[in-house]
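Work through the exercises below with the coordinates open. Each task is followed by a solution in steps.

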Amino acid sequence: MNKNDLFKELDSMDIENIAQEFPVLTDEEKERIYAMSERKYNISDNTNEEFSSETEVSGVEVYKRPKWRTASIAASLALLIGAGSFGGYNISKQLKNSSSGDDDTVTTIASSEMTQPSTEDPRAEEYRSIASGLADEFDNFLDPLDEDKMPDYPEYDLSEEQAANMTEEEFEAYYDNLEEECRRIDEECGQSADSIWFELGRGDPLDHANYALLGGWYYYHYDVGMKYSNTDEVMEKALSFMTQDCIDKEFPHLIGEDLSGYEPNRIYDADTENYPDFGVFAMYNGALYFDSDKNERYSRLYYFFDRRDEPIEITDITDDSFTAIVKYDFTSVPNKYDMSMKVINNGGSWVISDVEPIGPELDPQKLELVDKLINSCDYYDKLSAKYASIEKNEQYCEEGEDRRINKTINNTVLFCDNRAPKEYTYSDNNYSDYSGEYDCASLLEYVKGINANDIEKNSETYCDGEKEYYWTNPTDDQNDNGHYHYNTYAVPHEGDAEKYDGFDKFRLNKYRSPNWYAFKFRPMFISEGPWLVRTYMYEFSKWDITGETNILDRDCCIVEGRIDFRNDEMCIYPEDYYGSFKFFIDKETGIPIGTEFYAKDGETVHCTVYYDIRLNDEAEPVPDVDISGYNFTYK
Amino acid sequence: MTENELRLLMAESIQKCHRVIFDKYCNYVYAIVINVLRSCGSREDIEDCVSDIFMKIYKRLDKDTSFSGDIKGFIAAVSRNTAIDAYRRISTKNMRNISIDDDNMETFGSDERLIEHTEQKEQSRIILDKIKELGEPDSTIIIQQYYYNRTAKEISKNISMTATAVQKRSSRAKQKLKLLLAEAGIGREGLI
């Protein structure tokens, strides 16, 4: 089928329907594109890449900025006008000022409420105010920009009446003048912005399969608007509200080596070249530069997001120290939600001496289990096994027809060598010959009668340690003369992987998605464990270890939990978005021997089993697949 | 998303505003871009173009948040035109020398051109309706395979099926779709 023919002429409404009804982007793709757009936004701010609604498109249709037709709309926008492409910081400044006023109000109200309990220590109110200020400092410390130092953009200063009395042309002219002035300021400031980058790796960057990327640092400098002018000032600021121990713990790479002696904008080989000791802030040719990925540098430390408008709790009060519990919406640490801030009086100044995220203690039994699931490959080198899955989903029905369920079964034979790393699997699917119950026990009973040699190879995946290959059997469609696909992505090697420190070091990013992308983590074949943890077991409060069992001579623990988020994967009918699950996890290896997913009403939707599992010396070796004769076609 | 919602979001946090807009419209923008770049762009080209579009949207929001009605119209215009720019750039890079009169450009060209293709648009709408009639997961498989250029393996991850199951379902779905289209009077050779 020619893909370009089938959808040759779609109008915008059809495209919108497709986007809405058939969204395709995975979380990982979204995060990647979002990060790219933010980076471009920041870079273009700094390099003064001008953009306006008129110049943004050079295609067929030029977008015209909607005109402000009413004074009320214009007035409502007074706050927002005036920011140009120099980062929109003027908007940020105005709005931050405005919202900080609100915060003050909230704090005042909260404080007056908090004065009510007669049993509270009389020092608590003062300490609460101190803690609030320190928490602000902590939250804002890494932001390198000072809105008060940012260039002053002209402000919209028309009253509603003045705007209403203007003709449309007069109003347009007024607004255009403002925009022109903002643009001029942008150009002026953009000339004094600079950026440099360094990449650190091991091996030949063009030999992707063997190149290990160790890190990338993107530094920026503004002549106008930065909070600090050199690294000494950064340290001075840090020491004004934190002890040195706290700085060392929370911001271990705060100050980097002076970059002046290093050539920027190139890749350094970690084995053969001297490279800088990188930090969030660094001097370069006498100017202060900051790392644009500063937050990522601290992804392994505590990070607190979205402070809540709730009173800070003050405990452990003495004359020269106290502990403040500051409420946040969430932290980067699993299952912990608030900040515990230890504050001491250091020679007359109150400073933070320690910060910890706090929350319920993590059940050690659960911790051990998720660690094993995430890092299953530590518990075996080689594996051969078989896998089967059954699933139900709704079949299309004509209007008036009873709803029907599709039932599908999949059989897979698999081999892997995690150290090589090599992998080979082949699969077949049957659509209608499974009539047993939808549970692991019944499925295992059914697959006992299947001989691996009888499984028709309808698809194969093969990894030879260099590349991943994927093959599918040509279908009987006359236009489908067989496609052989191969994946050009390099196979992740141990060297590419971040060291896994355990689930309690697992971190959420600011968008509440795990900081966890395949390329960063250990290469692991044949295990859904990491995916199960990430998707269903991240919050310990939503699942429990409910028992133990033995499946085909393997000791398993039983995990049961609920799914309280919209999950398209776990539904028979579209209305069944929520449900529950039961997993049977192999105690020795963390392999999910069995999984059962239930729809909202308890009906089983999806069920999987691994069986005939052989490990290490007992495992059948990964066969060598001759790929030379295949007609590989880039897909 | 309305102007008022935008303004409130901007007041809360520019970063959050970006994120909300991205989450809300990323699939829409992606669908527009791939409709233009499907025939010439790589996956990287498409993602690059989508990120360009959001960068432009963010920068527009820096200036003001006034839109006549919904922001979606603005996003659609920026997306389409940025994608056309990318198409030209990529095509030139690929030495394909696409001109504005090229057939491929007509596919997403000016409104005047589009009017001339009402019949084809109607046909595409019927095809889309018939794909939806296949029911899930077949509709998703066909759309992901033929609209988004996803491989069976990628689709299998997206919809939690095995790649083989996807391939087989795709084959059967195509047969069924062929019948549905024939019933609707669309039987052009090679279309499916």
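The exercises cover chain composition, backbone angles, a helix contact between chains, and sheet pairing.

The model is predicted, and local features need pLDDT of at least 70, side-chain atom pairs count only at pLDDT 80 or more, and totals for chains, interfaces and linings use all residues. Residues are numbered from 1 along each chain as its sequence is written, while chains are lettered from A and ligands numbered from 1 in the order in which they are written.

**Exercise 1. Chain composition**

Task: state how many helices and strands there are in chain A and in chain B.

Solution.
- Step 1. Take helices (H or I, at least four residues) and strands (E, at least two) as DSSP runs, numbered from the N terminus.
- Step 2. Chain A then has 14 helices and 21 strands; chain B has 10 helices and 0 strands.
- Step 3. For burial, count other C-beta atoms, placed from the backbone, within 10 Å of a residue's own: 20 or more is buried, 12 or fewer is exposed, and in between is partly exposed. In chain A, 32% of the 635 residues count as buried. In chain B, buried residues make up 54% of 192.
- Step 4. A contact requires C-beta atoms, placed from the backbone, within 7 Å. Among chain A contacts between residues at least 6 apart in sequence, 64% join residues at least 24 apart. For chain B, residues 24 or more positions apart account for 62% of the contacts with a separation of 6 or more.

**Exercise 2. Backbone angles**

Task: place A:Asp553 and A:Asp612 in chain A, and decide whether each is buried, exposed or partly exposed.

Solution.
- Step 1. A:Asp553 has phi near 70 degrees, a positive value in a residue other than glycine. A:Asp553 sits in the loop between β17 (543-551) and β18 (554-563).
- Step 2. A:Asp553 counts as exposed because it has 6 C-beta neighbours inside 10 Å.
- Step 3. A:Asp612 is not a glycine, yet its phi is positive at about 50 degrees. A:Asp612 belongs to strand β21 (residues 604-615).
- Step 4. With 14 other C-beta atoms within 10 Å, A:Asp612 is partly exposed.

Task: find the residues joined by the cis peptide bond with omega near 5 degrees.

Solution.
- Step 1. The bond runs from B:Glu136 to B:Pro137.
- Step 2. B:Pro137 is in the loop between α7 (118-133) and α8 (138-146) of chain B.

**Exercise 3. Helix against helix**

Task: classify the crossing of α2 (residues 12-21) of chain A and α2 (residues 14-37) of chain B.

Solution.
- Step 1. Fit axes as lines to the C-alpha atoms over the stretch in contact, with angles from 0 to 180 degrees between N-to-C directions. The two axes come within 8 Å and cross at roughly 130 degrees.
- Step 2. This makes α2(A) oblique to α2(B), given that angles under 35 degrees count as roughly parallel, over 145 as roughly antiparallel, 65 to 115 as roughly perpendicular and the rest as oblique.
- Step 3. On the α2(A) side the contact involves A:Ile15, A:Glu16, A:Ile18 and A:Ala19; on the α2(B) side, B:Asn27, B:Tyr28, B:Ala31, B:Ile32 and B:Asn35.
- Step 4. These contact residues divide into 6 nonpolar, 2 polar and 1 charged, where Ala, Val, Leu, Ile, Met, Phe, Trp, Tyr, Cys and Pro count as nonpolar, Asp, Glu, Lys and Arg as charged, and the others, Gly among them, as polar.

**Exercise 4. Strand pairing**

Task: identify the edge strands of the open sheet of 5 strands in chain A.

Solution.
- Step 1. Two strands pair if DSSP finds at least two bridges between them. The order is β3-β1-β2-β5-β4, with mixed pairing.
- Step 2. β3 (266-269) and β4 (281-284) each have a single partner strand, so one side of each is left without a neighbour in the sheet.
- Step 3. β1 (residues 193-202) and β3(A) run parallel, joined by 4 bridges. The bridge partner of A:Gly201 in β3(A) is A:Asp269.

Task: describe the pairing of β9 (residues 338-346) and β10 (residues 349-358) of chain A.

Solution.
- Step 1. The strands run antiparallel and are joined by 9 bridges. A:Ser340 has A:Glu356 in β10(A) as its bridge partner.
- Step 2. The hairpin has 2 residues between the strands, and A:Gly347 takes a positive phi near 60 degrees.

Definitions and conventions. Contact = placed C-beta atoms within 7 Å.
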